[in-house]
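Trainee: I would like a close look at a single part of this model, and then at what surrounds that part. Please take it step by step.

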Amino acid sequence: MEVHLETLEYPKIVRLLSGLSFSAPGRERCEALQPTHDLEEAQSWLKETSDAVAILLSKGTPPLHGISDIRPSVNRASRGSDLSMAELL
């Protein structure tokens with residue numbers, strides 16, 4: 001299947017999508033995307049995408065600039081550490 005993905009320029013599309021993300025976790029999720037062979041899963045993803053486009057068209061783009069990676073803080077909090085006010089905000 002790798003040859004087919006190259007033919008469809010799938011890696012290029014993933015790079016372009018990754019470049020549009022506002023955070024490291026978002027980029028990682030984009031880079032990990034793989035096509036599916038499951039019709040129901042593909043239809044579910046298509047529905048999610050259609051719903052997201054409808055929301056964006058009706059409500060506008062959400063303010064995503066300034067998003068930071070909170071995973072280190074979440075990991076510390078899950079181990080019982082206190083978070084700073086800045087981390088909580």
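In which loop is Ala-32 found?

Mentor: This is a predicted model, so every value below is computed from predicted coordinates. Ala-32 is found in the loop between H3 and H4. Helix H3 covers 24-31 and helix H4 covers 39-59. With a relative accessibility of 55%, Ala-32 counts as exposed, because the cut-off for that class is over 50%. Twelve residues away along the chain is Leu-20, and 15 Å separates the C-alpha atoms of Ala-32 and Leu-20.

Leu-20 leads to a feature of the surface. Together with Leu-17 and Leu-33, Leu-20 forms a nonpolar patch there. The accessible area of Leu-17, Leu-20 and Leu-33 together is about 280 Å². Leu-17 belongs to helix H2, which spans residues 10-19. The relative accessible area of Leu-17 is 36%, which makes this residue partly exposed. That value also meets the requirement for patch members, because they need over 30% relative accessible area.

Two of the patch residues turn up again in the largest pocket. This pocket holds about 700 Å³ of space. It is lined by 18 residues, and those closest to its centre are Leu-17, Gly-26, Cys-30, Leu-33 and Ala-52. Helix H3 and helix H4 are the elements that each give two or more residues to the lining. H4 supplies the largest share, seven residues. By type, the lining divides into twelve nonpolar residues, four polar and two charged.

H4 also contains a salt bridge. The side chains of Lys-47 and Asp-51 meet there, with 3.0 Å from N to O. Both residues lie in helix H4 and are four residues apart, about one turn of the helix. Asp-51 counts as partly exposed, at 34% relative accessibility.

The whole structure has four salt bridges. Another of them pairs Asp-69 with Arg-71, where the closest N and O atoms are 2.8 Å apart. Asp-69 is partly exposed at a relative accessible area of 31%, and Arg-71 falls in the partly exposed class at 36% relative accessibility. A further salt bridge is formed by Glu-87 and Arg-76, with 2.5 Å between the closest N and O atoms. Glu-87 lies in helix H6 (residues 85-88) and Arg-76 in helix H5 (residues 71-78), so this pair ties together parts that are eleven residues apart in sequence. Glu-87 has a relative accessible area of 27% and is partly exposed; Arg-76, at 28% relative accessibility, also counts as partly exposed. In addition, Glu-28, Asp-69 and Arg-71 are joined into one network by salt bridges that share partners.

One backbone detail remains, on the loop between helix H1 (2-7) and H2, where Glu-9 has its place. Glu-9 is not a glycine, yet it has a positive phi of about 60 degrees. Its side of the accessibility scale is partly exposed, with a relative accessible area of 44%.

To return to the part you asked about: Ala-32 is an exposed residue in the loop between H3 and H4, and both of those helices contribute to the lining of the largest pocket.

Notes: Residues numbered from 1 in each chain as written. Predicted model: local features only at pLDDT ≥ 70, side-chain atom pairs only at ≥ 80, totals over all residues. Heavy atoms only, no water. Patch = residues over 30% accessible without salt bridge, like charges linked within 9 Å, V, L, I, M, F, W, Y side chains within 5 Å. Areas by Shrake-Rupley, 256 points an atom, 1.4 Å probe, with all protein chains shown as cover. Buried < 20%, exposed > 50% of the residue type's maximum accessible area, 1.4 Å probe, protein only. 1 Å grid on protein atoms, 1.4 Å probe; cavity = no way out; pocket = protein on both sides within 12 Å on 5 of 7 lines; lining within 4 Å. Points joined across faces, edges and corners; volume = space filled by probe spheres on them. Nonpolar A, V, L, I, M, F, W, Y, C, P; charged D, E, K, R; others polar.
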